[in-house]
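Hi everyone, thanks for making time this morning. Let me put the structure up on the screen, and then we can walk through a few spots together.

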Amino acid sequence: MSHDDLAAGKARGVARRKVSFVTTLEDLEGRVLLSAVRHVRPNHAVVRQVSRPKPKVQPKVQAKAHAQVQIPRRLQAMNALRMRNPTINIQQSVNVNPTVNVAPATANSTSNSTSNPTNNTSYHDALATAGVAPPTTPGTAGAATTTTPPPATTPPPASTTTPPPTTPPATTPTAPPAKTPANPSGQQGSGTWTSINNPPPTNTPPTTSTPPTTTTPPPTTTPPATSTPPTTSTPPVTTTPPVTTTPPPVTPPPAPTFPDGTILRNEQTGELGWYSGAARHLISPPVAAKMGITQAQTTSVTATVFKAVPKGNDYFPDGMFVRNQQSGEISQYSGGVFHVVSPPIAAKLGLDVNGLATISAAQYAGVGKGPDYFPEGILLQNQQTGEVDIYQGGQRHWISVAVAARISLTVDVLTPISPTQFNAIPQGKDYFPDNVYLQNQETGEIAQYSGGKNHLVSAPVASKIGLTAPQLISVSSTQYNAIDKGPDYFVEGMFLQNNQSGEIDQYSGGQRHWVSSPVATSINLTQAQITTIGADQFNNIPRGGDYTPPPPSATAPDPGAKATA
């Protein structure tokens, strides 16, 4: 029987267990040499694999060690072929992985991870059939040889901390790649090689190789340092705004003007407006009726011109009394505001509804309010205390009992008002009528009151004018001193003499005027007509021009006449 027949018969058995795998050229060469060796089923053994740290071996050292290990195996396989000289049949369905790295500089080539795990069994069977003892792995005497795949290279973790070094497991050095002999069929590559002398065993379970378990300690991960990008100061971008062409403002036509005090009348509606301060002020019909405005007193203008004049506050003449149509409240208009007139004051004044300008509540509310209205010089009485005051200059001034007696006040001339309204009026100084003589109850000093001030009346002057007690108004020292002091009092035209120098002057217009001896002789001036005063009081009088006697007149007043109260 020829080798071709044997190969044909074995091919049918090989087809049933066809194995396709991808390997390196180094493994392919070894399998070609050992494919004719008789298959010897090795004894089952459990291989104990110990994971050790992988030594750091340079690629050239690893290649040299691998070559030294593979040399005995190749020589042994070649000797077996020389003795047997077998014919090798190559199956055409061998798949060659185009990704096999055949570079001679690579010491450890990567095999396809999908290779059939039973390839190692065929390799050992071929060696046994050829009568060659399978190579043993150092450290495992008599045990089946298991080819330990190179440990998978784990990519380093993305961490800045390097994990502690671990001892790599001991691995069998691999010989450098050798030249692969040509196939009998003339095809080159990697594939399934079948021995033609030793048929494959039937129902031979594949040997399962348990991969070693390697415990890798978890790497210590240090969080990456946060890098703060440098702050770049970017200068502000100055954006030039687009030039916008603004159309020139439209100047409205000037408002029509009229003389102040002109009463404008809208010829379309008949509305009246008082022109003042470049504005028109509404004159309501009730106000116009009380003013007695006639059509002849108005200036008729078109509605356009009337509305072109700016509108101001409503017009009311000063001193006009108006009445709120809704509440009936009465006010007096003065200074641009309303002053409420209480019912007692309205009754005192005798105001009648028919004599008032009754306006709407809205128009009434549109005007601000000031202090309550009181006529100047009115005598007010507090309904609660009975105090009597006179209203002057926006203030109330107290009238004492002595002053009330001197001016002969009676109840009918008083106007009683509520304490609230009475106290709301600001209080001023006490009231004294002009040209009355006041006497200090403590010192007895006498003063003539006029113009809101006290003017001292010296004893010689009081004697000269013949003042008596009934002519004096006795007041307390506090009330007397509260009055401002003015210049001393002298009767107009009185002749005064300095008690030290004997100088004689005539008092007139608040000044003293020197009277010479010739003038005194010419007017027949006697000592009875002269009032002698102290030098201090004499010198305090401002000095005027010399005295010139008036022309003689039958009705000329006597300078020495007594003053009357």
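**Salt bridges, a glutamine and a surface patch**

Let's start with D389: its relative accessibility is 0%, so it counts as buried. Before I go on, please keep in mind that this is a predicted model.

Who is the charged partner of D389? Its side chain meets that of R396 in a salt bridge, at 2.9 Å from N to O. R396 counts as buried too, because its relative accessibility is 7%, and the cut-off for buried is under 20%. And the pair has company: salt bridges with shared partners join E387, D389 and R396 into one network.

How many salt bridges turn up in the whole structure? The search finds eight, and I'd like to show you two others.

One of them brings together the side chains of E329 and K369, at 2.8 Å from N to O. This pair links distant parts of the chain, 40 residues apart. If you follow the backbone, E329 is in the loop between β7 (321-324) and β8 (330-334), while K369 lies in the loop between α8 (361-365) and β11 (379-382). E329 has a relative accessible area of 27%, so we call it partly exposed.

The other is between the side chains of R280 and E271, at 3.8 Å from N to O. Are its two ends buried or exposed? R280 is buried, at 11% relative accessibility, whereas E271 is partly exposed, at 28%.

Now let's turn to a polar residue without a charge. Please find Q448, in strand β16, which covers residues 446-450. Its relative accessibility is 6%, so Q448 is buried as well. What does its side chain do there? It makes a polar contact of 2.9 Å with the side chain of N435, and another, of 3.2 Å, joins it to the side chain of S450. If we set aside the neighbours within four places in sequence, Q448 is in contact with N435, V436, Y437, K453, N454, H455, V457 and Y489. So N435 appears both in that list and as a polar partner of the Q448 side chain.

To finish, let's go out to the surface. Which residues form the nonpolar patch here? They are I71, L75 and M78, with about 270 Å² of accessible area together. I71 sits in helix α3, residues 59-84, and its relative accessible area of 46% means that it counts as partly exposed.

That's my tour; I'm happy to go back to any of these spots.

How values were computed: Residues are numbered from 1 along each chain as its sequence is written. This is a predicted model: local features need pLDDT of at least 70, side-chain atom pairs count only at pLDDT 80 or more; totals for chains, interfaces and linings use all residues. Side-chain values use heavy atoms; hydrogens and water are left out. Helices (H or I, at least four residues) and strands (E, at least two) are DSSP runs, numbered from the N terminus. Buried means under 20% relative accessible area, exposed over 50%, partly exposed in between (1.4 Å probe, protein chains only). A polar contact is a pair of N or O atoms within 3.5 Å; within protein, one must be able to donate a hydrogen and the other to accept it, and residues adjacent in sequence count only if both atoms are side-chain atoms. Contact means heavy atoms within 4.5 Å. Patches are made of residues with over 30% relative accessible area and no salt bridge: like charges are joined within 9 Å, nonpolar side chains (Val, Leu, Ile, Met, Phe, Trp, Tyr) within 5 Å. Accessible areas come from the Shrake-Rupley method with a 1.4 Å probe; for residues, only the protein chains shown count as cover. A salt bridge is a side-chain nitrogen of Lys or Arg within 4 Å of a carboxyl oxygen of Asp or Glu.
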